Protein chains: 2
Amino acid sequence: MPPRITPLVAGLPATVPFVGPETQERQRGTRFRARIGANENGFGPSPKAVAAMAEAAGEVWKYCDPENWDLKQALARHLGVGPDNVVVGEGIDGLLGLTVRLVVEPDLPVVTSLGAYPTFNFHVAGFGGRLVTVPFTGDREDPQALAATARAEDARLVYFSNPNNPMASWWPAGTVVGLMDAVPDDTILCIDEAYGEFAPDGTLPPIDVSRPNVLRFRTFSKAYGMAGARIAYAVGAASLIREFDKIRNHFGVNRIAQAGALAALGDPAHLAWIRERIVEARARIGRIAEANGLKPLPSATNFVTVDCGHDGAFARRLLVALAQRGVFVRMPGVAPQDRCIRIGCGPAADLDVLEAELPAALAVARREA
Amino acid sequence: MPPRITPLVAGLPATVPFVGPETQERQRGTRFRARIGANENGFGPSPKAVAAMAEAAGEVWKYCDPENWDLKQALARHLGVGPDNVVVGEGIDGLLGLTVRLVVEPDLPVVTSLGAYPTFNFHVAGFGGRLVTVPFTGDREDPQALAATARAEDARLVYFSNPNNPMASWWPAGTVVGLMDAVPDDTILCIDEAYGEFAPDGTLPPIDVSRPNVLRFRTFSKAYGMAGARIAYAVGAASLIREFDKIRNHFGVNRIAQAGALAALGDPAHLAWIRERIVEARARIGRIAEANGLKPLPSATNFVTVDCGHDGAFARRLLVALAQRGVFVRMPGVAPQDRCIRIGCGPAADLDVLEAELPAALAVARREA
């Protein structure tokens with residue numbers, strides 16, 4: 001008899017949330033010339049972080065500090081909270097997986113937006129949760145509908161991202177506080193702020209660790225340019241943060257990543273420089289899109305979601321045509337957001353390639369219609 | 001009402017498998033002078049791996065390849081298996097967690113040895129499994145008793161380490177094959193070979209991916225000196241390896257770690273050099289122990305387990321006295337193995353400190369008896 005795995009896992013699909021660009025490169029037999037599809041930050045991490053990581057490489061024979069002490073202290077100062085309000089983990093993906101595991105049992109309801117972060121959904125499915133989705137409204141997640149659905153379903157967990165991926169849209173802080181107020185106290189509200197550092201002032205509510213059921217997720221992957229380092233954190237009430245210690249992989253955070261994150265946090269000038277580059281790149285992507293008859297949506301992130309003016313099939317053809325020309329971008333997964341493609345705020349050389357290839361790719365997408 | 005977490009997590013203890021040396025250093029207010037307690041490899045990774053990691057630090061703005069393609073190809077060649085027989089993960093700790101999640105539902109029986117790897121037990125508890133333990137026999141895990149207990153309990157999962165941590169003991173390959181044969185086909189057998197590269201020839205059975213229920217775990221943490229990089233792999237039948245893809249954190253392996261592991265695997269000369277250093281250090285630890293009236297046990301690992309000749313209380317006093325003198329070591333958790341302390345095969349400078357401090361620490365331990 002074959003080895004027995006749980007019925008839950010046996011019943012899971014083999015699909016994965018995202019296919020990496022490397023997989024496409026292997027299939028194509030050539031590298032992308034513009035890697036602007038994974039919301040990475042091609043301007044890179046702080047040179048101080050790179051130096052700290054290079055130095056830490058020689059010390060990597062040591063396990064990490066399982067308490068992530070130094071980084072938690074620095075984050076606590078940075079955020080104006082206590083170190084016991086912070087849990088450091090292997091990227092927001094890893095922390096979302098732990099959060100789902102804390103909360104979800106088979107068939108329990110979990111609320112998110114239709115077309116929001118697929119990796120969250122992957123984790124919910126992986127623990128057998130019943131995903132209840134709410135449509136976007138005007139290319140934004142719908143806080144009122146999320147809260148109403150959470151109440152109606154007696155959901156254990158609600159996911160909300162601000163700014164949003166894949167639409168680059170956002171709500172002002174007051175609306176987010178309204179969502180916090182509207183979600184039941186005994187329902188955990190995950191607010192994914194992976195792109196928070198790129199958002200306009202007034203987007204992120206003040207952190208309030210007196211709320212027992214709200215977790216704010218932030219990362220070194222985006223504004224800090226360290227996606228491959230897998231280091232992020234969640235902030236919340238100490239009583240809730242403490243639960244992570246019961247199940248997290250205590251030695252799981254890479255030691256080099258800890259050193260890099262600490263150095264990155266200590267270089268606000270680089271962060272400011274990154275923000276300026278992102279603003280420039282957003283504007284340029286907007287100009288490129290408009291010059292080709294496409295409509296860039298407002299962005300509070302390090303990518304621009306571009307409305308291609310047709311359906312998902314058209315956007316997908318454009319995506320494929322761009323890939324064939326060496327441009328890696330992605331697109332939202334569901335209608336009506338799938339009329340768009342999502343273009344990352346890469347360095348000028350990447351956007352040069354985009355600018356050069358977009359007209360021909362569009363011609364292909366239109367011809368094949 | 002407070003946010004609802006699962007009854008399973010709510011009922012878990014707050015204890016963690018291991019306290020890191022950094023935690024003790026913070027409590028003591030000073031650094032250890034000899035960090036030889038966590039089975040780390042103080043001789044460090046291959047210079048080629050360090051160079052690869054330092055170079056990868058500048059590219060860390062990219063997510064990792066979620067397929068771990070290059071490393072899996074290299075491991076497949078190294079092991080003589082297919083890439084679909086290999087899953088790469090965030091250390092053996094991370095892979096054991098996934099394995100437990102694949103198999104364990106609340107109250108299902110899992111078999112291990114009493115006093116074997118606590119992190120495995122942490123994961124089993126974390127998924128609600130019922131841990132059934134088998135005593136060591138003569139400071140070794142007892143393969144026959146493990147198999148018999150697996151059959152009697154209809155266990156879903158069995159853990160076996162070879163060489164063993166914390167006793168440094170081992171069984172020859174034939175005995176391990178006997179265990180594989182004796183465990184029921186529908187029970188998954190985890191063989192933790194974290195220390196396999198340090199073992200005598202004839203310890204590791206040939207890898208046989210035709211066995212549908214056997215997983216072999218190996219790591220870059222020990223012989224390759226990359227504990228802080230969090231990268232390891234499991235090898236098994238493709239049908240079983242595939243299940244990991246349904247639940248693993250696909251982008252979870254650090255990009256720098258991937259680069260380092262690939263370079264480390266490509267430097268067998270460094271691995272050979274490490275093996276020589278470990279043999280030397282083992283011998284020296286043995287001499288230091290004997291000079292102090294203690295008995296070093298035979299070792300197939302990068303640590304030496306030293307029988308202190310008394311009970312666990314004595315060994316613990318010695319451990320504390322060593323720590324107070326700047327020497328970080330650990331000890332087995334349960335009797336009768338807890339008559340021992342576990343000393344890592346560190347570089348000469350670390351063993352100099354051990355040699356200098358052990359007599360006084362022993363005097364304290366004896367005086368306090």
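Select Pro163(B) to begin, and you will be in the loop between E5 and H8 of chain B; the peptide bond that joins Asn162(B) to Pro163(B) is cis, with omega about -5°. The model on your screen is a predicted one, and the angle just quoted should be read in that light. Now move to chain A and select Asn165(A) together with Pro166(A): the peptide bond from Asn165(A) to Pro166(A) is cis as well, with omega near 20°. Pro166(A) has its place in the loop between strand E5 (157-161) and helix H8 (173-182) of chain A.

Return to chain B and display the strands as a cartoon, in order to follow an open sheet of seven strands whose order is E2-E8-E7-E6-E5-E3-E4, with mixed pairing. At its edges are strand E2 (86-89) and strand E4 (130-134) of chain B, each of which pairs on one side only. If you look across the sheet, neighbouring strands are turned by 20° against each other on average, direction ignored. Within this sheet, select strand E3 (residues 109-113) and strand E5 (residues 157-161) of chain B, which run parallel and are joined by two bridges. Val110(B) is a useful residue to label here, since it stands opposite Leu157(B) in E5(B). Next add H8(B) to the selection: this helix packs on the sheet and touches E5, E6 and E7 of chain B, while its direction makes about 160° with that of E6(B).

From H8(B), go on to a pair of charged side chains. Side chains of opposite charge can pair when their charged atoms come close. Select Arg211(B) and Asp181(B), which form a salt bridge with the closest N and O atoms 2.8 Å apart. Arg211(B) lies in the loop between strand E6 (188-192) and strand E7 (214-219) of chain B, whereas Asp181(B) lies in helix H8 (residues 173-182) of chain B, so the pair ties together parts that are 30 residues apart in sequence. How do the two partners stand with respect to the surface, buried or exposed? Arg211(B) is buried, because its relative accessible area of 18% falls under the 20% limit, whereas Asp181(B), with a relative accessible area of 54%, is exposed. Keep Arg211(B) selected and add Asp208(B), with which Arg211(B) forms a salt bridge whose closest N and O atoms are 3.7 Å apart; Asp208(B) is partly exposed, at a relative accessible area of 35%. A network can be displayed next, in which salt bridges that share partners join Glu22(A), Arg35(A), Glu40(A) and Arg255(B).

For a pair that crosses between chains, select Asp65(A) and Arg26(B), which form a salt bridge with the closest N and O atoms 2.9 Å apart. The crossing runs from Asp65(A), in the loop between helix H3 (47-57) and helix H4 (69-79) of chain A, to Arg26(B), in helix H2 (residues 21-28) of chain B. Asp65(A) counts as buried at 7% relative accessibility, and Arg26(B) counts as partly exposed at 28%. Over all chains, the structure holds 46 salt bridges.

Now show both chains together. Chain B can be laid on chain A with an RMSD of 0.0 Å by a turn of 180° and a shift of 0.0 Å along the axis, and the two copies are thus related as by a two-fold rotation axis. To locate this axis from chain B, select Ala54(B), whose C-alpha is the nearest to the axis in that chain, at 2.1 Å from it. The same surface serves both copies, as 99% of the contact residues of chain B recur in chain A.

Two residues with an unusual backbone angle to inspect remain on the route. Select Arg230(A), in the loop between strand E7 (214-219) and strand E8 (232-235) of chain A: its phi is near 55°, a positive value in a residue other than glycine, and Arg230(A) is buried, with a relative accessible area of 5%. Then select Asn39(B), in the loop between strand E1 (34-35) and helix H3 (47-57) of chain B, where phi is near 55°, again a positive value in a residue other than glycine. Asn39(B) is buried, with a relative accessible area of 1%.

As a last stop, colour residues 37-354 of chain A, which UniProt lists, in an unreviewed entry, as "domain: Aminotransferase class I/classII large". Over these residues the chain is 40% helix and 15% strand, and the end C-alpha atoms are 11 Å apart.

Key. Residues numbered from 1 in each chain as written. Chains lettered and ligands numbered in written order. Predicted model: local features only at pLDDT ≥ 70, side-chain atom pairs only at ≥ 80, totals over all residues. Heavy atoms only, no water. Salt bridge = Lys/Arg side-chain N within 4 Å of Asp/Glu carboxyl O. Helix = DSSP H or I, 4+ residues; strand = E, 2+ residues; numbered from the N terminus. Buried < 20%, exposed > 50% of the residue type's maximum accessible area, 1.4 Å probe, protein only. Least-squares fit on C-alpha atoms with pLDDT ≥ 70 in both. Contact = heavy atoms within 4.5 Å. UniProt positions renumbered as here; feature names shortened; annotations may be inferred. Pairing = 2+ DSSP bridges. Axes fitted to C-alpha atoms, helices over the stretch in contact; angles between N-to-C directions.
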